[in-house]
Amino acid sequence: MMSEKLTEYEVLSIKPLIAKFSLKDENGTLMVYLIPNIVVTENDKVTSVVSNSLLSVLSDKPKMGELCNPQKMLTHTAVIPELRIISEGGTEIMANGKKW
């Protein structure tokens, strides 16, 4: 018999994944935060965490984006950014008296 259950939890820390990127003449920083919503446990072990992600982008050349134009999207040339991970980040929670 399965004993999975929703468990109360406390968020201890949220550290973002941080990546730096270069795209032509623009330099930016990408930050991704994982925010836990639901924690499921079975036999006092965390088996699943449902979370949302929050994305933040900083740029040295901020600009307003253009409205979606199907013609521009069809003729757009793809550019592969140079990307390097600065911090892997992580989210720490307390559930059933243990840190996860």
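How many bridges join strand β3 to β4? The answer is given below, within an account of the pairing in this predicted model.

## Pairing around strand β4

Seven bridges join β3 (residues 17-23) to β4, and the two strands run antiparallel. Within this pairing, Lys20 has Thr29 of β4 as its bridge partner. The hairpin of β3 and β4 has two residues between the strands, and Lys24 takes a positive phi near 55° there.

Strand β4 spans residues 26-42 and is also joined to β5 (residues 45-59) by 14 bridges, again in the antiparallel sense. Leu30 stands opposite Val57 of β5. Two residues lie between the strands in the hairpin of β4 and β5, where Asn43 adopts a positive phi near 55°. A further antiparallel pairing links β4 to strand β1 (residues 5-6) through two bridges; here the bridge partner of Lys5 is Thr41 in β4.

## The three-stranded open sheet

Strands β2, β7 and β8 form an open sheet in the order β2-β7-β8, with antiparallel pairing. Its edge strands are β2 and β8 (98-99), each of which pairs on one side only. Between β7 (residues 90-95) and β8, the antiparallel pairing extends over two bridges, and Ala95 has Lys98 in β8 as its bridge partner.

## A nonpolar surface patch

Val11, Ile14, Ile35 and Leu54 make a nonpolar surface patch of about 280 Å². Val11 is located in strand β2, which covers residues 9-15. Is Val11 buried, partly exposed or exposed? Val11 counts as partly exposed because its relative accessibility is 36%, a value between the limits of 20% and 50% that bound this class. The same 36% also satisfies the requirement of over 30% relative accessible area for residues that make up a patch.

In a regular strand, the side chains alternate between the two faces of the sheet.

## Confidence of the model

The protein chain averages a pLDDT of 88, and 95% of the residues score at least 70. Which elements have the lowest and the highest mean pLDDT? Helix α1 (residues 70-75) has the lowest mean, at 77, whereas β2 has the highest, at 95. The strand with this highest mean is also the one that holds Val11 and forms an edge of the open sheet.

Where pLDDT is low, the predicted coordinates should not be read in detail.

Note on methods
Residues numbered from 1 in each chain as written. Predicted model: local features only at pLDDT ≥ 70, side-chain atom pairs only at ≥ 80, totals over all residues. Heavy atoms only, no water. Patch = residues over 30% accessible without salt bridge, like charges linked within 9 Å, V, L, I, M, F, W, Y side chains within 5 Å. Areas by Shrake-Rupley, 256 points an atom, 1.4 Å probe, with all protein chains shown as cover. Salt bridge = Lys/Arg side-chain N within 4 Å of Asp/Glu carboxyl O. Helix = DSSP H or I, 4+ residues; strand = E, 2+ residues; numbered from the N terminus. Buried < 20%, exposed > 50% of the residue type's maximum accessible area, 1.4 Å probe, protein only. Pairing = 2+ DSSP bridges. pLDDT = per-residue confidence, 0-100.
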